[in-house]
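Reader: I would like to learn how to read a model of this kind feature by feature. Could we take each feature in turn, with the general idea before the particular case?

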Amino acid sequence: MNFAAVFHISGSPCCYPLNENEMAVNLKTGKDVERVWICYGDPYLKGIAGSKEKWEGIRREITEKKDLAHHIWWSAVLCPDYKRLKYYFILEAAGETWYYLENGFMTREQMDLEERMLQYFIFPWMNPADICRTPAWVRDTVWYQIFPDRFCNGNKENDPCGVQKWRKGPVTNDEFFGGDLEGIIQRLDYLENLGITGIYMTPIFKAPSVHKYDTEDYMETDPHFGEKETFRRLVQEAHNRGIRIMIDCVFNHCGLSFAPWQDVLKRGPESPYYNWFMINRWPFNPQDFNTRDGKYYSFAFYGQMPKMNTNQEEVIQYFGDVCEYWVKEFDVDGIRFDVANEVSHRFCRILHRRLKGLKPDLYLLGEIWHDSGEWLRGDEYDGVMNYPLTSGIQDFWVDRSLTARDFEWMINRSYTMYMRQNNFALFNLLDSHDTDRLMTRNHGDEDAFFQQLAVLFTMPGSPCIFYGTEIGLEGGHDPDCRRCMPWDEIDSGIWKERAENLRTLIRLRQEHFSFRSMEVFFGNKRQESRMVEYSKTGKDGEVIRVYLNCTGNESEIAPGEILFARNYKEGRLAPGGTVIAKEMR
């Protein structure tokens with residue numbers, strides 16, 4: 001047996017409470033392991049520690065497993081009678097049987113030695129306060145990301161000086177087009193008709209740039225976007241349509257015009273705000289924005305965005321006040337934290353406690369592009385932007401050497417990294433203001449475009465589409481991905497078919513729990529190496545099957561009731577084709 005491939009700890013993501021009654025227990029092994037049992041029970045069934053009477057647990061075979069590139073992930077859900085759990089595993093491979101405890105692997109003979117002190121795995125107590133809880137509404141939400149300046153100009157009276165004429169095609173980050181909060185209000189009916197139930201806006205706070213990630217005033221909306229009362233009306237109008245609102249907060253860094261930074265530039269170490277920032281050398285040339293010399297820390301090496309010291313008590317208090325203001329005064333439903341992996345864990349924990357005390361179902365989302373388990377323990381973020389899933393989907397359509405097995409491994413990896421409750425709150429996306437657009441990435445290939453959207457809308461988590469993705473809006477990397485929304489074309493109906501396809505996917509996700517469920521199975525191993533097929537199970541025996549023909553040839557399939565189809569006719573799925581079908585068990 002490959003002992004080096006076996007891994008388990010009595011903590012996330014291997015062992016953790018799902019709720020007050022259920023425990024999730026997961027074990028990672030090599031692919032040589034054929035069967036796994038768990039023996040579990042209460043630690044005190046045979047008395048207190050040190051009792052000479054041998055402890056024996058309930059033996060149960062673990063049958064649920066997911067295939068990873070080099071491992072198998074075995075999963076079980078247990079219900080400890082007394083909120084405590086003591087357990088070990090029995091592993092079988094190639095005729096060998098091994099017992100896996102906290103202190104390693106043993107034979108049956110070693111387990112039975114009279115005087116041997118066995119170190120079982122222990123989860124001591126399922127404290128309700130320690131259970132990771134994420135907002136239930138998030139898993140049912142379909143998000144729509146808006147870059148406000150480029151979405152819709154609803155009030156020309158607040159246009160910035162030198163505003164550009166609304167246009168189609170490439171843009172730069174030096175241009176302003178006048179999109180604003182009033183424009184979003186005017187298009188709420190459009191979003192409601194599309195099926196959107198959540199709006200995530202990039203920053204709306206006062207800032208000199210078009211993107212607003214260089215905040216000047218965290219307590220004011222940008223005047224080019226409108227007054228705070230306009231934002232209040234946006235939230236109210238959205239809520240009246242069943243649409244949640246999430247704002248984007250930049251606490252890792254600020255802009256040059258942020259008043260405390262300006263005070264530091266004037267007064268240096270004498271400023272009461274000096275320790276709000278990470279300054280390593282004083283004095284320095286305030287006009288030299290190259291921070292590679294280490295004079296102060298900044299976002300990346302952008303000296304125009306000095307880094308906040310989120311270890312500092314006053315900074316934590318200040319940003320807590322900022323969040324509380326926007327939640328209490330405007331009833332926002334979520335906060336997205338920019339560069340969420342660079343602020344201190346202490347900062348995150350204090351904000352989590354404060355904000356969840358204010359609004360328990362507030363959605364706290366971290367912008368983290370990599371494995372984020374360290375931030376998803378239940379006391380910092382509810383979820384993160386699921387870029388591991390984004391990159392995995394992108395890679396499969398870019399790298400044609402990858403097979404359906406690689407696709408399966410990628411999906412399973414994405415959903416074995418975190419606790420199940422975090423998986424439901426992951427923010428799934430295919431493109432954003434920080435990436436090239438989905439249609440451009442696929443070089444205008446509409447079939448590949450909709451295949452990837454089919455994956456997005458059948459995965460656990462909370463899917464988001466970037467404004468304009470519903471019509472296949474194009475654009476390269478930042479800033480080209482931030483083009484103006486072509487309302488003239490949309491209103492004329494030339495993109496009606498594309499939008500209708502996406503509307504159908506959104507509707508199906510809302511109507512069928514299977515689309516949102518955690519149960520993803522890759523049971524059918526086809527001969528065609530790039531013919532992807534997986535199923536999702538839901539309530540009342542419903543099963544949906546997803547077929548994606550990423551080969552160069554037609555493929556025969558036998559779907560049930562077809563819910564969504566492209567390039568499919570009479571049992572044959574053409575290259576680039578997509579079918580989502582419903583069956584009943």
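Author: Let us begin with a hairpin, and keep in mind throughout that the model is predicted. In the hairpin of E24 and E25, four residues lie between the strands, and one of them, Asp-540, takes a positive phi near 55°. The two strands of this hairpin, E24 and E25 (residues 542-549), run antiparallel and are joined by seven bridges.

Reader: Which residue is the bridge partner of Ser-535 in E25, and which residue stands opposite Ser-535 on the side of E23?

Author: In E25 the partner of Ser-535 is Arg-545, while Phe-521 is the residue that stands opposite Ser-535 from E23. The pairing of E23 with E24 is also antiparallel, and it runs over two bridges.

Reader: How should I read the directions of the side chains along a strand such as E24?

Author: The general idea is that in a regular strand the side chains alternate between the two faces of the sheet. In E24, Met-531, Glu-533, Ser-535 and Thr-537 point one way, whereas Val-532, Tyr-534 and Lys-536 point the other way, and all are buried. The strand is accordingly described as mostly covered, with seven of its seven residues buried.

Reader: How many residues of strand E3 are buried, and with which strands does E3 pair?

Author: Six of the seven residues of E3 (residues 35-41) are buried. E3 pairs in the antiparallel sense with E7 (residues 85-93) over seven bridges, and five bridges join E3 to E4 (residues 58-62), again in antiparallel fashion. To follow the register, one can take Arg-35, whose bridge partner in E7 is Glu-92, and Tyr-40, whose partner in E4 is Ile-58.

Reader: What is the order of the strands in the open sheet of four strands?

Author: The order is E1-E2-E6-E5, with antiparallel pairing. The edge strands are E1 (15-17) and E5, each of which pairs on one side only. Neighbouring strands of this sheet are turned by 20° against each other on average, if direction is ignored. Within the sheet, E2 (residues 23-29) and E6 (residues 72-78) are joined by seven bridges, and Asn-26 stands opposite Ser-75 in E6.

Reader: Let us turn to helices. Which residues of helix H9 are buried, and against which elements do they pack?

Author: As a general idea, an α-helix has 3.6 residues a turn, so residues three or four places apart point the same way. In H9 (residues 404-414) the buried residues are Ala-404, Phe-407, Glu-408, Met-410, Ile-411, Asn-412 and Ser-414. These buried residues pack against several elements, including helix H8 (387-398), helix H12 (446-456), strand E5 (64-67) and strand E24 (531-537).

Reader: What does the largest nonpolar core contain, and which helix gives the most to this core?

Author: In soluble globular proteins, nonpolar side chains tend to be buried together. The largest nonpolar core here has 117 residues, and those with the most contacts inside it are Tyr-144, Phe-231 and Leu-453. Helix H6 (residues 313-330) gives the most to this core, with eight residues. Apart from it lies another core, of 22 residues, among them Cys-15, Met-23, Phe-89 and Phe-121.

Reader: Why does Lys-295 count as buried, and what does its side chain reach?

Author: A residue is called buried when its relative accessible area is under 20%. Lys-295 counts as buried because its relative accessibility is 1%. This lysine is found in the loop between helix H5 (259-267) and strand E16 (298-299), and its side chain reaches the backbone oxygen of Asp-288 at 3.4 Å. Leaving out residues up to four places away in sequence, Lys-295 touches Ile-279, Asn-280, Arg-281, Phe-284, Asn-285, Asp-288 and Asn-290.

Reader: Is Leu-429 buried or exposed, and which residues does Leu-429 touch?

Author: Leu-429, which has its place in strand E21 (residues 427-429), is buried, with a relative accessible area of 2%. With residues up to four places away in sequence not counted, Leu-429 touches Met-385, Asn-386, Tyr-387, Thr-390, Leu-456 and Cys-464. The C-alpha atoms of Leu-429 and Thr-197 are separated by 15 Å, although these residues are 232 residues apart along the chain.

Reader: Finally, which residues does the UniProt domain annotation cover?

Author: According to the unreviewed UniProt entry, the annotation "domain: Glycosyl hydrolase family 13 catalytic" covers residues 145-509. The end C-alpha atoms of residues 145-509 lie 18 Å apart, and the span is 36% helix and 12% strand.

Note on methods
Residues are numbered from 1 along each chain as its sequence is written. This is a predicted model: local features need pLDDT of at least 70, side-chain atom pairs count only at pLDDT 80 or more; totals for chains, interfaces and linings use all residues. Side-chain values use heavy atoms; hydrogens and water are left out. UniProt positions are given in the numbering used here, feature names are shortened, and annotations may be inferred rather than shown by experiment. Buried means under 20% relative accessible area, exposed over 50%, partly exposed in between (1.4 Å probe, protein chains only). Contact means heavy atoms within 4.5 Å. Two strands pair if DSSP finds at least two bridges between them. Axes are lines fitted to C-alpha atoms, for helices over the stretch in contact, and angles run from 0 to 180 degrees between N-to-C directions. A nonpolar core is a set of buried Ala, Val, Leu, Ile, Met, Phe, Trp, Tyr and Cys residues joined through side-chain atoms within 4.5 Å. A polar contact is a pair of N or O atoms within 3.5 Å; within protein, one must be able to donate a hydrogen and the other to accept it, and residues adjacent in sequence count only if both atoms are side-chain atoms.
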